[in-house]
Amino acid sequence: MQVLRDLAGLRQVPAGAVLSVGNFDGLHRGHERVLRMAGSLKQQGQASGVTIVTFEPHPLTVIRPALAPPRLTPPALKRSLLAEAGVDHVVILAPTPEVLNLTAEDFWHILRDEVRPAHMIEGHTFTFGKGRGGTIEKLRNWAAESSVRLDVLEPVSVPLLNLQIVEVSSSLIRWLLSHGRVRDAAICLGRPYVLEGFVVKGHQRGRTIGVPTANLRCDDQLVPADGVYAGRVCVDGRTYAAAISIGSMPTFGENTRQVEAHLVGFDGDLYDRVIQVELADWVREQMKYPGSRR
């Protein structure tokens with residue numbers, strides 16, 4: 001997969017591709033439907049390749065930082081998942097003034113006249129351009145007057161563990177994770193939620209009681225609700241069961257929120273490495289044990 005950047009990179013995409021524009025945060029089941037359809041069009045010879053145009057970071061980080069959603073998928077993991085899905089080109093647009101000031105018409109003209117895709121695939125709530133001035137209806141009308149074929153997909157619906165039927169979206173997945181519902185989030189994602197973090201030194205108390213942990217710095221990725229989770233961590237090709245603690249450390253009287261992972265059966269040093277922690281299930285709330293410091 002080739003990674004291209006900014007509008008100059010967008011203009012380098014080979015003509016005749018099937019193209020989709022969006023944040024693609026989480027690469028959930030709705031995104032998977034887009035990617036499957038795009039791959040099918042390519043296999044049928046109706047498109048020269050599959051191109052995804054995404055934004056990094058989210059435009060709201062510039063426009064209205066207080067409203068910017070936390071990431072579900074770190075950039076490197078997103079690129080890896082897109083490559084696994086058979087994407088040929090991913091174009092990463094930074095939220096620069098040049099990009100943010102493009103009207104919907106301007107952006108459409110770049111696509112129609114310079115990128116020249118054979119197909120576009122978008123969801124029914126898709127908006128684009130300055131002030132979200134481009135709606136899916138406008139895109140339908142413009143595409144109908146061009147050689148670009150537009151497919152508008154309906155959302156994917158799934159049953160959660162409580163049998164409630166929901167439409168999959170990145171915002172829903174964020175809500176589920178913020179309530180510790182990692183199994184329901186996995187249903188929407190199509191795979192377990194993964195926390196990616198840089199392992200930093202903590203207080204090393206776990207080593208004194210025979211339970212060493214990896215302390216993760218997860219930067220701006222969404223960290224699920226406080227609690228203890230069961231999960232898995234892959235290190236050097238081997239997968240270890242893991243107990244993940246998220247939250248403050250009430251037993252030790254500390255309030256700073258942390259992510260700690262204990263890898264069952266692992267004996268080694270993970271400091272200064274980036275690891276991915278797969279969250280399988282919520283186990284319990286954090287507890288303050290008797291005799292702890294107050």
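**Cores**

I began with the largest nonpolar core of this predicted model, which holds 37 residues, and I noted that Ile244 and Val277 touch the most other members. I then looked up which elements give two or more residues to this core, and found the helices α8 and α9 (182–189) together with the strands β9 (193–200), β10 (214–217), β11 (227–235), β12 (238–249), β13 (254–263) and β14 (274–284). Another core, of 28 residues, lies apart from it, and I listed Leu4, Leu19, Leu93 and Leu111 among its members.

Which residues does Ile244 touch, leaving out those up to four places away in sequence? I found a run from Gly227 through Val228, Tyr229 and Ala230 to Gly231, then Val259, Glu260 and Ala261, and finally Val277, Glu278 and Leu279.

**Strand β4**

I turned next to strand β4 (residues 89–93), where five of the five residues are buried, so the strand is largely enclosed by the rest of the structure. I checked the two sides separately and found both faces covered, with His89, Val91 and Leu93 buried on one side and Val90 and Ile92 buried on the other.

I then followed the pairing of β4 with its partners. Strand β1 (residues 2–5) runs parallel to β4 and is joined to it by four bridges, and in this pair I found Gln2 opposite His89. Strand β3 (residues 50–55) also pairs with β4 in the parallel sense, over five bridges, and there Thr54 stands opposite Ile92.

**The largest pocket**

I looked up the volume of the largest pocket and recorded about 1,400 Å³. Of the 43 residues that line this pocket, I noted Gly22, Asn23, Thr125, Phe126 and Thr127 as the closest to its centre. By class, I recorded 18 nonpolar, 17 polar and eight charged residues in the lining.

Which element supplies the largest share of the lining of the largest pocket? I found that helix α2 does, with four residues. The elements that each supply at least two residues are β2 (18–21), α2 (29–43), α3 (60–63), α5 (97–100), β5 (119–123) and α8 (170–178); I note that α8 also appears in the list of elements contributing to the largest nonpolar core.

**Arg36**

Last, I examined Arg36, which is found in helix α2. Is Arg36 buried or exposed? I recorded a relative accessible area of 53% for Arg36, and since the cut-off for exposed is over 50%, Arg36 counts as exposed. I also looked up its separation from Thr103, and found the two residues 67 places apart in sequence and 29 Å apart in space, C-alpha to C-alpha.

Methods:
Residues numbered from 1 in each chain as written. Predicted model: local features only at pLDDT ≥ 70, side-chain atom pairs only at ≥ 80, totals over all residues. Heavy atoms only, no water. 1 Å grid on protein atoms, 1.4 Å probe; cavity = no way out; pocket = protein on both sides within 12 Å on 5 of 7 lines; lining within 4 Å. Points joined across faces, edges and corners; volume = space filled by probe spheres on them. Nonpolar A, V, L, I, M, F, W, Y, C, P; charged D, E, K, R; others polar. Buried < 20%, exposed > 50% of the residue type's maximum accessible area, 1.4 Å probe, protein only. Pairing = 2+ DSSP bridges. Core = buried A, V, L, I, M, F, W, Y, C linked by side-chain atoms within 4.5 Å. Contact = heavy atoms within 4.5 Å.
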